[in-house]
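Here are some comments on the model you sent, set out as numbered points. They are best read with the coordinates open alongside.

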Amino acid sequence: MISKYLVKSTSGVRGVIGKGLTASMFVDYGAALGTVLLRKAGAGPLVVGRDSRPSGEHLSKAFIAGAQSVGMPVVDLGIVPTPTVELAIPGLKARGGVCITASHNPSEWNALKFFNDAGEFINEKSFLALELVLASRDFKYKPHDKLGTVTGDDRWIERHIAATLKLPGVSAAVVRRRKFTVVVDAVNGAGSLALPEFVERLGAKVVRLHCEPTGLFPRAPEPTPERLSKLSEAVRRHKADLGLACDPDADRLALVDETGRPIGEELTLTLAVEQVLRTKPTTVAVNLSTSRATVDVARRLGAKVYLSRVGEANVVAEMKKRGALIGGEGNGGVIYGALHYGRDSLVGAGLVLTLLAKAGVSLSTLAGTIPRYYNTKTKAPLPEGFESRLEAFAKAFKRERPELTVDDRDGVRMDFNDGWLLIRKSNTEPIYRIVVETNDAALTRTILARVKRDFKQG
Ligand code: MG
């Protein structure tokens, strides 16, 4: 963390406009990334996309100007979902790309997400190399006749939709027969055109809610259950079969059932994994804070499941290492390697709708077939002596549950018969995060209360 208003991590840099993040920083990032990419062989461009935030246009222009100044040719996709940028990069044989989006953060935030030439999040090493060029300002500025060109390209939402419709496990023919009505809530973000259009092409009737890409978010942008009341109301009012909600850059997807009940972001991945495994056997990789429901469903269908450290780049690395075609994060982030290795709300919607259509039941009934867990995620201020408290806690917990297994690759995850918990220090804020999931609501509450008590300062 650099300040309250500017945060850097391997997933990029983000900040509050005018306080931590300014257009001049974006000019420098453009020059830095251009300098790094021009060192590589090849002649491909740099792909730039952005979400619909009001600050997006000027930041995008600033970033592009910086890249041009060092001679980097740019293809500007305009307002598109993050996964669309990820697809366009290899599609255009680009040397890399960025998406200007603060994802689920509020409207006053914006950020840069960086991608390599495969359209995947850059790793820590590449990010540090970029930061080094930025810090040294070792930019190779070009004379007036060698500046990078800029080409606009608005074909990629269409290409993204068309490619998703062709995926194994996504079937418009199957979905069309069910005559679904689907309410789509795109939070006026980058998914405002792509997600409802995709669902229509999949053969459902779509009711659009918050599908004007103004970047003025009508609800808190993270699609967690407590934020989806308008979508729930709309599902009931239109007697729809389900509701879909994405975050502002449309890489995460949440579901609301036909009664208007948000079924939780976790189940998006669970159902997507089920649909892929029913289509084609493969291994599965999810991150350490993903619900056991997904693991149970995958194992029930005969798949091996691997857990990765938290963070999209880590999940993707684990998927590749294990040959997993499907994976993702329990926050509604479905990653299906048949199209690309990045979270994608269109892919999630295609898989879930096809599964639901095939099942021939309502979404609430389908969700009822998934093992029920009681999951709670929270955070608390980091106490003094956090590490020794964690060690003492894990020891005591293990004494009470001899079957307990510990995974300490990313914080400490403890698995036991009735559930699991994860205690993890934040990399960006002086807090720690706790996830507890068990098969009993009271047990989940008890364990959470105990963690909070044992880690309380003073
Ligand atoms: Mg996002």
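1. A residue is called buried here when its relative accessible area is under 20%. The model is a predicted one, and with that cut-off in mind strand β5 (residues 96-100) is a good place to begin: 5 of its 5 residues are buried, so the strand is largely enclosed by the rest of the structure.

2. In a regular strand the side chains alternate between the two faces of the sheet. For β5, both faces turn out to be covered, since Gly96, Val98 and Ile100 on one side are buried, as are Gly97 and Cys99 on the other.

3. Which strands pair with β5, and in what sense? Strand β3 (residues 46-50) pairs with β5 in the parallel sense over 5 bridges, and within this pairing Val48 stands opposite Val98. Strand β6 (residues 109-115) pairs with β5 in the antiparallel sense over 4 bridges, with Leu112 of β6 as the bridge partner of Ile100.

4. The magnesium ion deserves a separate look. Its protein donors are Ser103 (OG), Asp247 (OD), Asp249 (OD) and Asp251 (OD), which lie 2.0 to 2.1 Å from the ion. Along the chain, these donors follow the spacing S-x143-D-x1-D-x1-D. Of the aspartates, both Asp249 and Asp251 are buried.

5. Another sheet to inspect is an open one of 4 strands, in the order β9-β8-β10-β11 and with mixed pairing. Strands β9 (205-209) and β11 (253-256) stand at its edges, each with a single partner strand, so one side of each is left without a neighbour in the sheet. On average, and with direction ignored, neighbouring strands of this sheet are turned by 25° against each other.

6. Within that sheet, strand β10 (residues 242-246) and β11 run antiparallel and are joined by 4 bridges, and the bridge partner of Leu244 in β11 is Leu255. Helix α8 (residues 229-237) packs on the sheet, where it touches β8, β9, β10 and β11, and the direction of the helix makes about 155° with that of β10.

7. Is Thr181, in strand β8 (residues 181-185), buried or exposed? Its relative accessible area is 13%, and because this is under 20% the residue counts as buried. Leaving aside residues up to four places away in sequence, Thr181 touches Lys205, Val207, His238, Ala240, Asp241 and Leu242.

Conventions:
Residues numbered from 1 in each chain as written. Predicted model: local features only at pLDDT ≥ 70, side-chain atom pairs only at ≥ 80, totals over all residues. Heavy atoms only, no water. Buried < 20%, exposed > 50% of the residue type's maximum accessible area, 1.4 Å probe, protein only. Contact = heavy atoms within 4.5 Å. Helix = DSSP H or I, 4+ residues; strand = E, 2+ residues; numbered from the N terminus. Pairing = 2+ DSSP bridges. Donors = N, O, S within 2.8 Å, 3.2 Å for Na, K, Ca; no water. Axes fitted to C-alpha atoms, helices over the stretch in contact; angles between N-to-C directions.
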